[in-house]
Amino acid sequence: MGDVVDIEGGLAAGLPDIVAYPDIETIKTVPWEPGVAHVIADVFNPDGSPSAESPRYVLKQVIEKFSSIAGTPICGPELEFYLLEESDTNDSGWARYGESPGNVYVSGLRGDPENVLLASLRQLGAYDLDVIAANHEFSSGQFEINLWHSDALDACDRAFRFKAAVKEMARAGGKLATFMAKPFNDEGGSGFHLHFSTQDAAGNHLFGDPNSHNGLSAVAHHAIGGILKHAPALANPTINSYKRFGPDTLAPWLIDWGLDNRSAIVRIPPERGSASRLELRLGDASANPYLLTAVTLAAAYLGIKNEIDPGPALEGYGYDPERSPKLPSSLCEALDALEADSEMREVLGEGFVTTFLAYKRHEIERFNAFITDWEFREYTYHL
């Protein structure tokens, strides 16, 4: 909201410059803006040192640590979002696009009367984002688009570009695309599911083992164990994020893992061999792709390094709090868990963690001082 939040080397230091160096390999022409190109930059301090709080730098550092013991991480992002259209009847000025029930997983004009999804996919394909699948999601105006897997940095670059592109194209068409975790009380939230595996220098995939009881290697089991152990510290980024969680939401609520079980925080898709992978279902669509991937790899790295046993896989219903511990239920709880997790802090970098905590705790302070519509509706008449 335009506030200035003091961090080390920031306001108290006089707000010094930073230097953005374009990564020339990331230059892409923008299909819907003739004569325009887009490039991703890495951020440095004036003395030439990397900016510790830069999400892309954080991910690069985590990839280096992960690769030192467990090969090259491969990721495939899946993102959900809502498309909104202008409305004179809603206080916000926006309503869900194509409002109509029961269009989950449909394609075509029934759930997308203006063919916005297909038009967007054609532009995204020309933008070299390697889009592989798309569908109307569970709620009115909600869509999911999946990106092909690649090495973790490239996957995050594409996911970062994807989110910006979807929002830009929506605005050009007089609409609003939002990756907010849960924008509506009467509909579900939007997730950012991350598929993750790893391979060695020879291209051998390290998460599959045909001789194990479930087709997964010890490396995969240890990665799962690390993610479960450090799950409380894998903070979703906003106050709104935690309104997406809960029983029967198809979003994870407890810290567990399962074989092709969508109620678990870590789902193991049914494919095996070279397609063996983990799917982290914790993230919501508002997440920064670099940071979501960084914390996933950091937790997996710690699990592999320390050979953490994930315990037995979840079977059946995944919302029984007597079976597994709960995830943090608020941003405040998650930040406290991150601050207390010394291993995660070390892998992510102290400079990033302290900055992230400062920004997010300031966000909580602003929210706690703000009078919400719920409070007005709940109290004004009766009190």
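Which residues are linked with Arg56 in a network of salt bridges? The network takes in Asp23, Asp42, Lys60 and Asp157 along with Arg56. This is a predicted model.

## Salt bridges

The structure holds 19 salt bridges. Side chains of opposite charge can pair when their charged atoms come close. Three of the pairs are set out here.

| Pair | Closest N to O |
|---|---|
| Arg56 and Asp157 | 2.9 Å |
| Lys360 and Glu363 | 2.9 Å |
| Lys28 and Asp128 | 3.7 Å |

Take the network pair first. Arg56 and Asp157 form a salt bridge, with the closest N and O atoms 2.9 Å apart. The pair links distant parts of the chain, 101 residues apart. Arg56 sits in helix 1 (residues 55-70), and Asp157 sits in helix 3. Arg56 is buried, with a relative accessible area of 4%. Asp157 is buried too, at 6%.

Next comes the pair of Lys28 and Asp128. Their side chains meet in a salt bridge of 3.7 Å, N to O. Lys28 belongs to strand 2 (residues 28-29), while Asp128 is in the loop between helix 2 and strand 7, so the bridge ties together parts that are 100 residues apart in sequence. Lys28 is partly exposed, at 24% relative accessible area. Asp128 is also partly exposed, at 43%.

The pair of Lys360 and Glu363 is local. Both residues lie in helix 8, three residues apart, about one turn of the helix. An α-helix has 3.6 residues a turn, so residues three or four places apart point the same way. The salt bridge between their side chains is 2.9 Å, N to O. Both Lys360 and Glu363 are buried.

## Helix 2 and its surroundings

Which residues of helix 2 are buried? In this helix, residues 116-126, they are Leu117, Ser120 and Leu124. Viewed down the axis of helix 2, the buried residues fall within an arc of 65 degrees, so they line one face. Their cover includes strand 7 (131-136), strand 8 (142-147) and helix 3 (152-172). Helix 3 also carries Asp157, the partner of Arg56.

Backbone angles add detail on either side of helix 2. Asn115 is in the loop between strand 6 (94-96) and helix 2. Its phi is near 60 degrees, a positive value in a residue other than glycine. Asn115 is partly exposed, with a relative accessible area of 30%. Asp128 follows helix 2, and its phi is positive, near 60 degrees. Asp128 is the residue that meets Lys28 in a salt bridge.

Elsewhere, Asp260 is another residue other than glycine with a positive phi, near 50 degrees. Asp260 is placed in the loop between strand 12 (257-259) and strand 13 (266-268). Asp260 is partly exposed, at 39% relative accessible area.

## Helix 6

Helix 6 spans residues 331-340. Leu331, Ala334, Leu335 and Leu338 are its buried residues. Seen down the axis of helix 6, they fall within an arc of 100 degrees, so they line one face of the helix. What do the buried residues of helix 6 pack against? They pack against helix 7 (342-348) and helix 8 (350-368). Helix 8 also holds Lys360 and Glu363.

## Cysteines

How many disulfides does a search of the whole structure find? The count is zero. Why is Cys75 not bonded to Cys156? The sulfur of Cys75 is 6.1 Å from that of Cys156, its closest cysteine sulfur, which is too far for a bond. A disulfide needs the two sulfur atoms within 2.5 Å. Seen from the other side, Cys156 is in no disulfide, and its nearest cysteine sulfur is that of Cys75. Cys75 is buried, with a relative accessible area of 1%. Cys156 is buried as well, at 2% relative accessibility.

## A nonpolar surface patch

Val4, Leu11 and Leu15 make a nonpolar surface patch of about 290 Å². Val4 lies in the segment before strand 1 (19-22). Val4 is exposed, with a relative accessible area of 54%.

Key:
Residues numbered from 1 in each chain as written. Predicted model: local features only at pLDDT ≥ 70, side-chain atom pairs only at ≥ 80, totals over all residues. Heavy atoms only, no water. Buried < 20%, exposed > 50% of the residue type's maximum accessible area, 1.4 Å probe, protein only. Patch = residues over 30% accessible without salt bridge, like charges linked within 9 Å, V, L, I, M, F, W, Y side chains within 5 Å. Areas by Shrake-Rupley, 256 points an atom, 1.4 Å probe, with all protein chains shown as cover. Salt bridge = Lys/Arg side-chain N within 4 Å of Asp/Glu carboxyl O. Helix = DSSP H or I, 4+ residues; strand = E, 2+ residues; numbered from the N terminus. Arc of directions from axis to C-beta. Contact = heavy atoms within 4.5 Å.
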